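Q: I'd like a close look at a single part of this one, and I'm happy to follow wherever it leads. Could you keep it informal, since I'm still new to reading structures?

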Amino acid sequence: MKLDGEALEQLRERVRAGGAEKYHAANEAKGKLFARERVALLVDEGSFVEDGVYANVLAEGLPADGVVTGTATIDGRPVCLMANDSTVKAGSWGARTVEKIIRIIERAYDTGVPMVYLVDSAGARITDQVELFPGRRGAGKIFWNQVRASGSIPQVCALFGPSAAGGAYIPAFCDVVAMVDGNASMYLGSDRMVEMVTGEKTTLEAMGGAKVHCAESGVGHFLCKSEAEALDVVKRYLSYLPANWTQRPPTADAVDAPARTDLAALVPASERQAFDMRRYVKGLLDEGSFFEIQALWAKELTIGFGRLNGEVVGVVGNNSMFKGGVLFVDSADKATRFVQLCDAFNVPLLFLSDVPGFMVGSAVEKQGIIRHGAKMITAISEATVPKICVVVRKAYGAGLYAMAGPGFEPDATIALPTAKIAVMGAEAAVNAVYANKIAAIGDEAERAAFVTAKREEYERDIDIVRLASELVIDAIVEPHELRAELVRRFAAAGGKERHFSRRRHGVTPV
């Protein structure tokens, strides 16, 4: 093909236009933006440099082979990105689509910058399967590169439409996934395929919609009302992380905690009364800095990024508003992944404990609560970033271990005056030890007096001052002193040695 300036510009315009107008109109009716519009909204103006613009340009109706890839900056920081163009054969993958995605992930890894995935794809083109599926540079190489890049560079996905079949693993291998409610979906087999294989009648939304994955499966992390909100999640997520594993998280101007927040007043005296750990976290961190992750899934555990005096921290807190703050299979998995994320990118960890322990019973045993709990405790053990455990109200049983208690080499274990640390609470302990004796006391008043006396005796045995005198606790602080204490202690731990074990890697109890 011989090109003069005018012909080249026409070719460029054809590629930039994407698919046929009817596909643009169909997307617009669903509230969906064009892939190139998404890129323009996400990145700094004028910063995007596109690669592979002319991929498959000689084919009919395949501009850029259905994916936009390139480099840009977000808030002045370099990133690599890909964006499926759903106006081109529904964003499906051909051989050159796959090659473009592989190349941009490799560039992100080689240059040590975050990788952003803007996903809206129907999956592989079955007609092109020999060219795109089985080879050394086939679709499998995308996932291999994602796994290699995991923990080396941040990887974040915004999902605007389907992510089908094997393509669903692109979001799955990312650190976090933002999903647009009503349009985004992830599934390994379509509703028609599911009915054909299993006989089940379902819909894409019911099987793999945004609400399902953000509230039930845990594959999604942020449920967004609009595409603009999803893109904002990408920006905000990256603002808390370094460009790669060798760097420290970006600092911000120090901001005070919210004015007039009385942390002491947020924690009820009775451990039977719930309180919202999210309010406690927001009152402790720099004002407006808390960025909660997976807010809709396993809500008994609150996780997210925030800042203390301008410095990034990762927060793991038990939330008694949901299931009493007890740890379940999903909350153990939620904590595991977040702790590993923070440790990979040099984000110090703050544990705020108000935990009765792990859930018991036949249902959770069949779900593998021991295995999932062991996985969480493994992540806590292996994390070498500065980590501080604060016992806000209680840390019972293996819950103390899961919240980075003294045996897991935290840089400090701090207790508030309301804190209790024990194998179990007083009520359960007295019942476990004296059940037969209590049952044998016939007089109700005498029985109540006996139980009260034994509980008081148990409370004295686990007194927090006694634990501090035994050096189990490093400090007892008042709630209004906690923020300043944490700022000082995290600053002191910033240069710690980060070696954990003499080995290649552990064998995780998956």
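Leaving aside its neighbours within four places in sequence, which residues is Glu227 in contact with?

A: Keep in mind as we go that this is a predicted model. With neighbours within four places in sequence left aside, Glu227 is in contact with Gly31, Lys32, Leu33, Arg38, Phe160 and Val180. You'll find Glu227 in helix H11, which covers residues 227-239. Is Glu227 buried or exposed? Its relative accessibility is 4%, so Glu227 counts as buried, because buried means under 20% relative accessible area. There is also a polar detail to look at: the Glu227 side chain reaches the backbone nitrogen of Leu33, at 3.2 Å.

Now hop over to Pro114. This residue sits in the loop between helix H4 (95-111) and S4. Pro114 has a relative accessible area of 5%, so it is buried. Along the chain, Pro114 and Val79 are 35 residues apart, yet their C-alpha atoms are separated by 5.1 Å. Val79 is also one of the contacts of Pro114, once neighbours within four places in sequence are left aside. The others in that list are Pro78, Cys80, Ala108, Ile153, Pro154, Leu238 and Ala243. Leu238 brings us back to H11, since that helix runs over residues 227-239.

Next, the empty spaces. A search of the whole structure turns up two cavities of 30 Å³ or more. Let's take the second largest one, with a volume of about 50 Å³. Its lining is made of Met82, Asn84, Trp93, Ile101, Val119, Ser121, Ser163, Ala164, Gly167 and Ile170. Strands S3 (77-84), S4 (115-121) and S5 (155-164) each supply at least two of the lining residues. Sorted by class, this lining has six nonpolar and four polar residues, with no charged ones.

The largest cavity has a volume of about 60 Å³. Around it you'll find Asp175, Val176, His221, Ile293, Gln294, Ile303, Lys334, Arg337, Phe338 and Leu341. Here the classes come out as five nonpolar, two polar and three charged residues. Which helix gives the most to this lining? That is H14, with four residues.

There is an open space to look at too. The largest pocket has a volume of about 610 Å³. It is lined by 24 residues, and the closest to its centre are Ala172, Ser217, Gly218, Val219 and Arg337. Arg337 also appears in the lining of the largest cavity. Helix H7 (169-172), strand S7 (185-187), helix H10 (210-217) and H14 each supply at least two residues of the pocket lining. Once again H14 gives the most, this time with five residues. By class, the pocket lining has 12 nonpolar, eight polar and four charged residues.

Since H14 keeps turning up, let's check the helix itself. H14 has 16 residues, 329-344, and at 1.5 Å a residue it should span 22 Å. The C-alpha atoms at its ends are 23 Å apart, which agrees. Plenty of names go on the buried list for H14: Val329, Ser331, Ala332, Lys334, Ala335, Thr336, Phe338, Val339, Leu341, Cys342 and Asp343. Among them, Lys334, Phe338 and Leu341 also line the largest cavity. Just after H14, Asn346 takes a positive phi of about 65°.

Zoom in on one residue of H14, Ala332. With a relative accessible area of 0%, Ala332 is buried. What does Ala332 touch, not counting residues up to four places away in sequence? The list is Phe358, His372, Gly373 and Met376. For a contrast with the Pro114 pair, try Ala332 and Val392: they are 60 residues apart along the chain, and their C-alpha atoms are separated by 19 Å.

Three of those Ala332 contacts, His372, Gly373 and Met376, are buried residues of helix H16. The same span check works for H16: its 14 residues, 369-382, should span 20 Å at 1.5 Å a residue, and its end C-alpha atoms are 20 Å apart, which agrees. Besides those three, Ile369, Lys375, Ile377, Thr378, Ala379 and Ile380 are buried in H16. What do the buried residues of H16 pack against? They pack against H14, strand S12 (349-355), helix H15 (362-367), strand S13 (387-396) and helix H17 (398-402).

Methods: Residues numbered from 1 in each chain as written. Predicted model: local features only at pLDDT ≥ 70, side-chain atom pairs only at ≥ 80, totals over all residues. Heavy atoms only, no water. Expected span 1.5 Å × (residues − 1). Buried < 20%, exposed > 50% of the residue type's maximum accessible area, 1.4 Å probe, protein only. 1 Å grid on protein atoms, 1.4 Å probe; cavity = no way out; pocket = protein on both sides within 12 Å on 5 of 7 lines; lining within 4 Å. Points joined across faces, edges and corners; volume = space filled by probe spheres on them. Nonpolar A, V, L, I, M, F, W, Y, C, P; charged D, E, K, R; others polar. Polar contact = N/O pair within 3.5 Å; in protein donor to acceptor, adjacent residues only side chain to side chain. Contact = heavy atoms within 4.5 Å.
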